[in-house]
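Thanks for coming. Please have the sequence and the model open while I talk.

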Amino acid sequence: MIDMLDKKKVKLGIAPIGWTNDDMPDLGKENTFEQCVSEMALAGFTGSEIGGKYPKDVKTLKKALELRGIEICNCWFSSFLISKPYEETEKEFIEQTDFLKAMGAKVIGVSEQSYSTQGKDQPVFEGKYVMNDEEWKLLTEGLNKLGKIAKDKGMTLTFHHHMGTVVQTEEEIDRFMAEVDPELVYLLFDSGHCSFAGIDPVKVLKKYIDRTRHIHLKDLRTDVVNQSKKEGWSFLKGVRKGTFTVPGDGDVDFEPIFDIIEKSGYEGYVVVEAEQDPAAANPLEYALKARKYIAEKTGL
C-alpha cells in the first residue's frame, strides 16, 4: 500500500454512467436519479458527475444532493470545434459552465466529438478520424478560447482523451498537450481510455500530472478488449460486453497511478467512471467494490 492520499486535497467521486448510460439509454433505464444518487452515498462517495437523468434545475438538484452529502464535481461537454462554427460550441459551453458553477463544481470535462466513432456502429479500432494541421489549430485555439472563458468564471477546462475521438493515441495526447495553452487547458486523465488505446496510463499520468485537473479511474478487462479487436466490435458493443469495470476488478495496475497522484500533491477529484450493463454488473455492488479497493490502496 502507498502512503495515504491526502483527504484535504484529493476527493473521491463516482459517475452515474454505472447506473444509467446516456449513450445507450436502455442500459439502466429502470434506475432512477434518486436511486442512483442514494446508492452513491450509500457506497461512501461524496462527489458525482452529472448524468442525463439529473434535474436541470439548480435548486432541485442541489436539494437532492445535499440530502445525501454529495456535490457535483464535473460534467461531460461535447465540443465540435473542427466541424461546426466556433460560436455554436461557445454558446453551449457558457451555459454548461454557468450551470456547473452554480452547482459549486470547479471543472468541466470537454471531449471533441467531431467525426467521433464512439457512438457509431463500426469497429472501435478501425477508421478513426485523423486531424490535419488546420484542424489541430481549430481545436487547440478553440479550446484556449473556451479555457479563458472558464478561467474568467473561476472554473477549469479539462480535456478528455477518448477512444474513437480525434485525441485517442499517445502521439495525439502529446501533440495536444504541446499545442494548447497550459494556463487555460488542462488534462482529464482517464486510466481506462489509455489502456484501451494501448497506451501505458502510468507513462501519460507521470508526464502530465502537473497539468491534470480531473482523473477518471476506470479499469479494463483485457480479454474483452482482445475479443473486441478480433470480432470488430464497436465501442458501445464493447461496453455492453464488459470492456470496462471499476478499479480493482480488471487488469489495470492502479498502485503506480495512486503513487503518482500522492507524490505530485494533486488537488482535485478522482472519479470512478466505469460504464457497464447494470443488469450484469449491479451498480451498488460495483460501487461498493470500487470504494473498498480505493480505501485499501489509498486510505481515501
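I will go through the empty spaces, then the cores, and then two single residues.

One thing before we start: this is a predicted model.

Let us take the open spaces first. Rolling a probe the size of a water molecule over the atoms shows where empty space is left. The largest pocket holds about 700 Å³ of space. It has 38 lining residues, and Asp-22, Ile-50, Gly-51, Gly-52 and Trp-76 are the closest to its centre. You can find parts of its wall by looking at α1 (33–42), β4 (76–79) and α3 (86–102), each of which supplies at least two lining residues. Among the contributors, α3 gives the most, with three residues. Sorted by class, the lining of the largest pocket has 13 nonpolar, 16 polar and nine charged residues.

Next comes the second largest pocket, with a volume of about 240 Å³. Its lining is made of 14 residues, and those nearest the centre are Lys-11, Lys-106, Val-107, Gly-268 and Tyr-269. Three strands give two or more residues to this lining: β3 (71–74), β8 (212–217) and β11 (268–272). Strand β3 gives the most, with three residues. By class, the lining of the second largest pocket splits into five nonpolar, four polar and five charged residues.

Now the closed space. How many cavities of 30 Å³ or more does the structure hold? The count is one. The volume of the largest cavity is about 110 Å³. It is lined by 13 residues, and Gly-18, Val-246, Ala-274, Pro-283 and Tyr-286 lie nearest its centre. Helix α11, residues 283–298, gives the most to that lining, with three residues. The lining of the largest cavity has ten nonpolar residues, three polar ones and no charged ones.

On to the cores. In soluble globular proteins, nonpolar side chains tend to be buried together. Here the largest nonpolar core has 89 residues, and Leu-143, Phe-176 and Ile-261 have the most contacts inside it. Apart from neighbours within four places in sequence, Ile-261 is in contact with Leu-5, Val-10, Leu-205, Ile-215, Tyr-266 and Val-270. There is also a second, separate core of five residues, including Ile-17, Cys-73, Tyr-269 and Val-271. You have heard one of these names already: Tyr-269 is among the residues nearest the centre of the second largest pocket.

The first single residue is Arg-221, in the loop between β9 (219–220) and α8 (222–231). Is Arg-221 buried or exposed? Its relative accessibility is 17%, and the cut-off for buried is under 20%, so Arg-221 counts as buried. Its side chain makes a polar contact of 3.2 Å with the side chain of Thr-245, and another of 3.0 Å with that of Asp-249. Leaving out residues up to four places away in sequence, Arg-221 touches Gly-242, Thr-243, Phe-244, Thr-245, Asp-249, Asp-251, Gln-276 and Tyr-286. Of these, Tyr-286 also lies among the residues nearest the centre of the largest cavity.

The other residue is Thr-156, in strand β6, residues 156–160. Which residues does Thr-156 touch, not counting those up to four places away in sequence? They are Lys-106, Val-107, Ile-108, Ala-150, Tyr-186 and Arg-213. Tyr-186 is 30 residues away from Thr-156 along the chain, and their C-alpha atoms are separated by 7.5 Å. Lys-106 and Val-107 came up before, among the residues nearest the centre of the second largest pocket.

That is the end of the tour.

Key: Residues numbered from 1 in each chain as written. Predicted model: local features only at pLDDT ≥ 70, side-chain atom pairs only at ≥ 80, totals over all residues. Heavy atoms only, no water. Helix = DSSP H or I, 4+ residues; strand = E, 2+ residues; numbered from the N terminus. Buried < 20%, exposed > 50% of the residue type's maximum accessible area, 1.4 Å probe, protein only. Polar contact = N/O pair within 3.5 Å; in protein donor to acceptor, adjacent residues only side chain to side chain. Contact = heavy atoms within 4.5 Å. 1 Å grid on protein atoms, 1.4 Å probe; cavity = no way out; pocket = protein on both sides within 12 Å on 5 of 7 lines; lining within 4 Å. Points joined across faces, edges and corners; volume = space filled by probe spheres on them. Nonpolar A, V, L, I, M, F, W, Y, C, P; charged D, E, K, R; others polar. Core = buried A, V, L, I, M, F, W, Y, C linked by side-chain atoms within 4.5 Å.
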